[in-house]
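Biologist: Please put the model up. I would like to go through its sheet, its helices and a few chosen residues.

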Amino acid sequence: MKELRKILMSDPLVSAINVHPSQEPFVDLVHFDPDIVVDPSLSNRSRYFSFVRLSVANKLSLAKKFLPKGIRFFIKEGYRPLHIQQRAFERALQRIKENSSNQNLDHLMAEASKYVAPPDVAPHPTGGAVDLTLIDSNGMELDLGIPFDAIPQETDNATFFDATNISVQAMQNRQILAHALQSVGFVNYFTEWWHWSYGDRYWAVMTNTDKALYHPVSEQELLNLLQKA
């Protein structure tokens with residue numbers, strides 16, 4: 001993986017990025033590309049959990065060409081409604097507050113944002129982010145060291161992309177994932193090996209782009225954009 005700056009979602013650099021409303025449509029990854037497989041286990045969060053912006057879907061289709069033969073992307077989550085993002089962040093913040101001797105708000109926000117992005121800058125509600133892993137030709141998930149959606153503070157930071165407290169095989173598999181996704185313009189959130197995005201505020205910071213391409217949308221706004229597709 002390319003050596004990148006390590007910036008948290010709670011960093012003021014992220015919230016300072018300008019973003020203008022985008023009319024780019026959303027598409028459902030379930031039906032977009034037969035070589036991209038979607039895990040239905042999070043479908044109870046939102047009926048649109050497998051939806052992303054059209055450019056994101058197209059980039060995933062391009063990225064698969066950089067994967068070794070027989071390896072495919074396994075999508076865990078795309079779009080996440082703002083109210084779910086808000087609730088998840090509040091829970092993460094409360095958990096950190098209960099387990100930290102440092103009650104400084106900036107510290108608490110930073111620690112919480114290692115696991116859940118603050119709602120105002122969160123990539124998932126924009127349709128620009130995707131959580132994913134890799135599967136083999138038999139549909140079995142590859143070893144990437146620590147399960148998707150694990151909590152950094154509970155895994156000795158093994159969720160961090162460049163963690164060294166995982167197996168050599170897991171490190172190699174993470175590099176396979178990174179090579180494919182970085183080759184088409186995605187950026188990783190360094191505390192979560194599974195989280196990649198394009199077009200959101202964090203992507204703009206990490207690529208030195210002046211403004212983000214996508215703003216957060218409600219489920220109704222997503223539906224309206226689907227109708228324009």
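Modeller: This is a predicted model, so local features need pLDDT of at least 70, side-chain atom pairs count only at pLDDT 80 or more, and totals for chains, interfaces and linings use all residues. Residues are numbered from 1 along each chain as its sequence is written, and side-chain values use heavy atoms, with hydrogens and water left out.

Biologist: Which strands are the edge strands of the open sheet?

Modeller: Helices (H or I, at least four residues) and strands (E, at least two) are DSSP runs, numbered from the N terminus. Two strands pair if DSSP finds at least two bridges between them. The open sheet has five strands in the order β3-β5-β6-β8-β7, with mixed pairing. Pairing on one side only marks the edge strands, β3 (36-38) and β7 (187-188).

Biologist: Which residue in β8 stands opposite D131?

Modeller: Strands of a sheet pair through backbone hydrogen bonds, either parallel or antiparallel. β6 and β8 run antiparallel, joined by three bridges. Opposite D131 stands H195.

Biologist: What angle does the direction of α5 make with that of β6?

Modeller: Contact means heavy atoms within 4.5 Å. Axes are lines fitted to C-alpha atoms, for helices over the stretch in contact, and angles run from 0 to 180 degrees between N-to-C directions. α5 packs on the sheet, where it touches β5, β6 and β8. Its direction and that of β6 make about 130°.

Biologist: How far apart are the end C-alpha atoms of helix α5?

Modeller: The expected span of a helix is 1.5 Å times one less than its number of residues. Helix α5 (residues 168-182) has 15 residues, so the expected span is 21 Å. The model agrees, with the end C-alpha atoms apart by 21 Å.

Biologist: What do the buried residues of α5 pack against?

Modeller: Buried means under 20% relative accessible area, exposed over 50%, and partly exposed in between (1.4 Å probe, protein chains only). The buried residues of α5 include N173, R174 and L177. They pack against α2 (54-63), β5 (72-77), β6 (129-135) and β8 (195-197).

Biologist: Is Q85 buried or exposed?

Modeller: Q85 sits in helix α3 (residues 82-99). Beyond four places in sequence, Q85 touches R80, V116, A117, P119, A122, H124 and P125. Its relative accessibility is 1%, so Q85 counts as buried.

Biologist: Which side chain makes a polar contact with R80 besides that of Q85?

Modeller: A polar contact is a pair of N or O atoms within 3.5 Å; within protein, one must be able to donate a hydrogen and the other to accept it, and residues adjacent in sequence count only if both atoms are side-chain atoms. R80 lies in the loop between β5 and α3 and is buried, with a relative accessible area of 10%. Its side chain makes a polar contact with the side chain of Q85 at 2.8 Å. Another polar contact, also 2.8 Å, is with the side chain of E77.

Biologist: Which residue does UniProt list for "active site"?

Modeller: The listing comes from an unreviewed entry; UniProt positions are given in the numbering used here, feature names are shortened, and annotations may be inferred rather than shown by experiment. In the model, the listed residue is in the loop between β7 and β8 and is buried, with a relative accessible area of 6%. Leaving aside neighbours within four places in sequence, it is in contact with K114, Y115 and T159. The residue is E192.
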